Amino acid sequence: MDFSKVEKIKEQAARDILEAKTTSSLKEIFNRYLGKKGIVAKQFFYLKKMPQPKRSEFGKQLNELKKSIEKRIKEKSRIIEGKDSREKRKIHKIDVSIPSKKPQLGHIHPLTKIIRETQDAFVGMGFSVEEGPEIETEHYNFSSLNFPVDHPSRDAHDTFYLKKDTILRTHTSPVQVRYMEKHNPPFRIIVPGRVFRHEATDSSHEIQFYQLEGLMVGKDISLANLKGVLEEAIKRVFGKKTVFRWRPGYFPFVEPGVEIDIACPICGGKGCSTCKNTGWIEVLGAGMVHPNVFKAAGYNPKNWQGFAFGFGIDRLAMIKYRISDIRMFYLSDMRFLSQF
Ligand SMILES: [Zn+2]
């Protein structure tokens, strides 16, 4: 055993350590040189067989070799770990020069848009906006509006009953009676609001939807006033060239009752799936206030005349924005909403 062997081991170890790039390769180097069966351990094995004084000299050299390899590994280990954490820092570093993501702005819901548009149309004609409760009594929702006790829409299939006599309103019309109880004519009001129906949902039915109700009462309000006001309001939503068709209709709280169609704005009256090939779309129900409704509100029907009307906000929005499924309005799906 010569002393140059120790130098060679030292040099080789130094080179290996220098080339090591990871903690695991460094561990492998440690085992290869300083492990129990490693290169340095082998030299200690030879040491035992050496005669003195060579033995103590060689022993000293081996101890130094061992220490120097340990020291180098420790140093390299610090370098590798430092580099690792520097790289980790690099990943988590915030680059302030990167342009920020733009916050997503909210949209006006299509129903809100239509409510505002129709509201503006009526307010422009002197109507004021009123509100009423969504939880109603049977009295305000049906009886005061001249619905016979056995009327089919009182049936539990259409109405959500909360408890006896208390329901979720099925239309905005009860607000008419509530308003009349507290105010004297003449007046003109509109009532936008949410209503509820207990029925199966499909592309044109929801358990909740919006209505806009209107009421105009005075000494000599006539069907001609009704026609003028409603056609003007609808034209403001669907355009000046809108074509109307008036048909008789039945609603318990008006007499006579009318239903108003417009020429289908999608096919222009030629016939398409939206208008079921008829060329017409029903948009509104209306009529002259029934004397029984005036009576229920405490008015003398001989002194006052008025008209009432109501339409589905959702339906109007579906026609105007060409939406084929009413349920889309209530899904809060940004892909849908951001189109408006
Ligand atoms: Zn059509």
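The C-alpha centres of domain 1 and domain 2 lie 90 Å apart. These values come from a predicted model. The domain assignment gives domain 1 as residues 3–92 and domain 2 as residues 110–337.

**Helix α5**

Start with helix α5, residues 110–123. Does its length fit its residue count, and what are the two values to compare? At 1.5 Å a residue, its 14 residues should span 20 Å. The end C-alpha atoms are 20 Å apart, which agrees.

Which residues of α5 are buried? They are Pro110, Ile114, Ile115, Thr118 and Phe122. Seen down the axis of α5, these buried residues fall within an arc of 135°, so they line one face of the helix. An α-helix has 3.6 residues a turn, so residues three or four places apart point the same way. On the other side of α5, Arg116, Asp120 and Val123 are exposed.

What covers the buried residues of α5? The cover includes two strands and two helices, listed here.

| Element | Residues |
|---|---|
| β5 | 187–196 |
| β6 | 208–218 |
| α8 | 223–238 |
| α10 | 313–321 |

**A three-stranded sheet**

Now turn to an open sheet of three strands. Its order is β2-β4-β3, and the pairing is antiparallel. Which strands are at the edges? They are β2 (135–137) and β3 (161–163), and each pairs on one side only. From one strand to the next, the twist averages 40°.

Look at one pair. Strands β2 and β4 (residues 166–168) run antiparallel, joined by three bridges. Glu136 has Ile167 in β4 as its bridge partner.

Methods: Residues numbered from 1 in each chain as written. Predicted model: local features only at pLDDT ≥ 70, side-chain atom pairs only at ≥ 80, totals over all residues. Helix = DSSP H or I, 4+ residues; strand = E, 2+ residues; numbered from the N terminus. Expected span 1.5 Å × (residues − 1). Buried ≥ 20, exposed ≤ 12 C-beta atoms within 10 Å, placed from the backbone. Arc of directions from axis to C-beta. Contact = placed C-beta atoms within 7 Å. Domains from an automatic or database assignment. Pairing = 2+ DSSP bridges. Axes fitted to C-alpha atoms, helices over the stretch in contact; angles between N-to-C directions.
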